[in-house]
Amino acid sequence: MAKVLVVDDAKFMRVTLRKMLELAKHEVIGEAENGREAVEMYRLLQPEIVTMDITMPEMTGLEAVRQIIQEFPKAKIIICSSMGQQKMVMNAIDAGAKDYIVKPFNEIRVNEAIDRVLK
């Protein structure tokens with residue numbers, strides 16, 4: 001079981017991901033709707049895993065990943081985006097993300113990504 005911070009500007013996506021995570025016995029300890037909130041909440045909550053959308057207002061997911069990794073090099077962040085292009089995947093990994101999940105979420109893929117990142 002992991003303590004997870006869910007970051008997405010769409011409430012529906014946060015709720016969907018929360019349900020999947022809780023079914024898998026993970027604990028969602030916080031939710032943020034933009035990258036700036038994600039960075040602040042990471043500092044406060046220090047979750048074991050972050051699921052991070054890429055396209056968000058105020059600060060993108062990639063910018064938030066870079067900032068979190070700069071401050072917390074061991075942070076475990078999984079990028080979640082509807083954009084499945086190879087370039088976005090590479091940018092996310094280069095920024096420090098540990099894995100990448102394409103929306104719409106597949107429960108099996110979400111759980112596999114979390115299990116892999118926790119190891």
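The following questions and answers explain how terms are applied to this predicted model.

Residues are numbered from 1 along each chain as its sequence is written, and side-chain values use heavy atoms, without hydrogens and water. In this predicted model, local features need pLDDT of at least 70 and side-chain atom pairs count only at pLDDT 80 or more, while totals for chains, interfaces and linings use all residues.

Q: What makes up the pattern of helices and strands in the protein?
A: Helices (H or I, at least four residues) and strands (E, at least two) are DSSP runs, numbered from the N terminus. The protein holds five helices and five strands, and along the sequence they follow the pattern β-α-β-α-β-α-β-α-β-α.

Q: Why is the protein called as compact as a globular protein of its length?
A: The radius of gyration is taken over C-alpha atoms, and the globule rule is 2.2 Å times the number of residues to the power 0.38. For 119 residues the rule gives 14 Å; the protein has 12 Å, which is close to that value, so the protein is as compact as a globular protein of that length. Its C-alpha trace spans about 30 × 30 × 30 Å along the principal axes.

Q: Why is Tyr 42 called buried?
A: Buried means under 20% relative accessible area, exposed over 50%, and partly exposed in between (1.4 Å probe, protein chains only). Tyr 42 has a relative accessible area of 5%, so Tyr 42 is buried. Of the 119 residues of the protein, 48% count as buried.

Q: What makes the aromatic pair of Tyr 42 and Phe 72 tilted?
A: Rings of Phe, Tyr and Trp (its six-membered ring) pair if their centres lie within 6.5 Å; planes under 30 degrees apart count as stacked, over 60 as edge-to-face and the rest as tilted. The structure holds one aromatic pair. In it, Tyr 42 and Phe 72 are 4.9 Å apart centre to centre, with 55° between the planes, so the pair is tilted. Tyr 42 lies in helix H2 (residues 35-45) and Phe 72 in the loop between helix H3 (61-71) and strand E4 (77-81), 30 residues apart.

Q: Why is Glu 27 called partly exposed?
A: Glu 27, in strand E2 (residues 27-32), has a relative accessible area of 34%, so Glu 27 falls between the two limits and is partly exposed.

Q: How do you know which residues Glu 27 touches?
A: Contact means heavy atoms within 4.5 Å. Leaving aside residues up to four places away in sequence, Glu 27 touches Met 1, Ala 2, Lys 3 and Val 4. The C-alpha atoms of Glu 27 and Ala 2 are separated by 6.1 Å, although the two are 25 residues apart along the chain.
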